[in-house]
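Below are some remarks on the model, set out as numbered points. Please read them with the structure open beside the text.

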Amino acid sequence: MAEAQLTGWFGPGAQPRRGVHFAALLVMAAVIALPWIEPDKFTLHILSLIAIASIAAMGLQVLLGYSGQLSIGQAAFYGIGAYTSALLTAKLGVPFPLALLGAGIAAAIASLLMVPITRLTGAYLAVATLGFSIIVYLFIKNEEWLTGGSYGFIAIPRAELFGHVLREPMSSYYLNVGVAAIVYFTFARIESSRFGRAINAIRLDADAARASGIHVTLLKSECFVIAAFVAGLAGSLYAHEVRYLAPNDFTFWKSIEILIMVVIGGVGSLAGAILGAAVVVGLPEYLRAIGDYRMLVFGAILIATMLFGEGGLAALCATLARRVGALLARLPRKLSIRNEAAQ
Amino acid sequence: MSTDAHADEWLLEARGVTRRFGGLLAVDAVDLAVRRGSVHGLIGPNGAGKTTLLNLIAGVYRVSSGVLRFRAQDITQHSTAKRARAGIRRTFQNLKLFSEMTALENVAIGLHAQTHAGFFDAVLSTPRHRREERSIRDRSMAVLHFVGLGDVVRARADTLAYGHRRLLEIARAIVAQPTLLLLDEPAAGLNVTEAAHVSDLIARIRDDGTTVVLVEHHMDVVMRVSDEITVLNYGRRLARGTPAQIQEDPGVIEAYLGRSGGNESAQA
């Protein structure tokens, strides 16, 4: 109860938030029940990949959607996380949970290199992040002794938790979805906090933020570190889900994919980042039936989503939910009127 | 001892403050002394350098030469954020509110430097975080009521009426109880009633212990609330005195009536 009050304090009223929490609970129930209803290995694998992608997308959401910094180099941190985890488990025999944490930390440390560029904004910042990701890609591709180079990194062990190797797609599904859920609820908490308000303020008006005593470059750097940390986690989960890494998984295109997830999902919306990940990862898989046309259809869907407005899928879903809610609210009244008429 | 007494009386001192923009001298060797606990009006024709001087005090621009002293400390090289944390807050001529945030959230940002909860406090919902959030909310609410926005605390800033937005800027600037408040045309675009409310508000802010530097074109507002006035013209100080002295000053009268509008191209 105290929690509900806390989140409602600064927002535009508690009512819509309660709706959001209810929706989150419904989604969680569905996510937990799903493997029992649809235990198809392929589906679970795709859902795992969606959960993994959504983690990286939520990180970029904090960076872009909250603090307003456009990065088109998140694949660098994703890649650093993936290779760190692969190296730690396959070459050094580090247990998976530690490797997962290590992957996040390695990516976070690498992101400290970005601190000097947080003074940049807009396109300048974006190009600088791109430059960083190109360097990381070239490193992965050329340092064969460490990463396997173009041959790829093979024989990555499966994830294991508490001594249990996660052999079943269902168990790795729960791992990936579980980490995604933790990231979601972590970021949801900062939305209405001093930190969350400050980074939003920086995005909305950096001058006014400075005039309120906010240390703009420090907070911007913190957002880079947070986004990199979770991108590293996502990379680690990916490495152990797919168990084979190639440099081409971490090119410029991967960064763009993560950006597309955030933008079509709805910039500024955590749930949107997850929806966006579902579309970007899931759709091409299910469009395989139409062969070469699938990327064409995918592109058309991107354009159509953008035409629906800036809010992306999250805003679209919210509008739909509101309409359905209004309809349901009117329904009993209509029925009672009809009953009265019948009497 | 004597320097302490000096600093007690003069909260802010600008000595020979100059700012060049290319070949233009926007502010030219201006001296300004602001008495602690006073409202200091800063007036002058368009392009006189009032807003530039305010931006130099706030740290948006660095001085080309000269010295700024705040509470007897040299702040000439301090950043905007550092000056804000030291107790210099401001409003903006062209309203700079956080448009997508509620009125309450806008004011809460003003307390950022007074509070300490970080990322992990929020995630773990530590007692410190909850205590701070509660106090931020209470203080922000109190200030919104103080400026007369008690009815719109949960409205988004960009949905507020223009006059309310002006008040919200002031609320955000005073919530941390700054030592020095810089107001950049707080009554611009307001009608007579609203402007009178703002003058009243400025007087109450001063009475609560905040020193105010006021840049304003509404002469009735300036003359009503200022304890002292500095007049700028062409980037230089033209006159200084009480409102009564300024209204009698022949140089000021000439600048306003004789040659008004002759310097439009200079920095506003």
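1. Leaving aside its neighbours within four places in sequence, which residues is B:Ala171 in contact with? In this predicted model, the partners of B:Ala171 beyond that sequence window are B:Val107, B:Val143, B:Leu144, B:Val147 and B:Leu149.

2. B:Ala171 also belongs to the largest nonpolar core, which holds 175 residues, and together with A:Ile55 and A:Val230 it touches the most other members of that core. As general background, nonpolar side chains tend to be buried together in soluble globular proteins.

3. Chain A, for its part, contains 15 helices and 2 strands, and of its 343 residues 46% are buried. When contacts in chain A are restricted to residues at least 6 apart in sequence, 74% of them join residues that are at least 24 apart.

4. Chain B carries an open sheet of 4 strands, whose order is β2-β1-β4-β5 and whose pairing is antiparallel. The edges are formed by β2 (24–35) and β5 (73–74) of chain B, each of which pairs on one side only.

5. At one of these edges, β5(B) pairs with strand β4 (residues 65–70) of chain B in the antiparallel sense over 2 bridges, and B:Asp74 in β5(B) is the bridge partner of B:Arg69.

6. Helix α2 (residues 50–58) of chain B packs on this sheet, where it touches β1 (10–21), β2 and β4 of chain B. The direction of helix α2 makes about 65° with that of β2(B), which is also one of the edge strands.

Technical notes. Residues are numbered from 1 along each chain as its sequence is written. Chains are lettered from A and ligands numbered from 1 in the order in which they are written. This is a predicted model: local features need pLDDT of at least 70, side-chain atom pairs count only at pLDDT 80 or more; totals for chains, interfaces and linings use all residues. A residue is buried if 20 or more other C-beta atoms lie within 10 Å of its own, exposed if 12 or fewer, and partly exposed in between; C-beta atoms are placed from the backbone. Two residues are in contact if their C-beta atoms, placed from the backbone, lie within 7 Å. Two strands pair if DSSP finds at least two bridges between them. Axes are lines fitted to C-alpha atoms, for helices over the stretch in contact, and angles run from 0 to 180 degrees between N-to-C directions. A nonpolar core is a set of buried Ala, Val, Leu, Ile, Met, Phe, Trp, Tyr and Cys residues joined through C-beta atoms within 7 Å.
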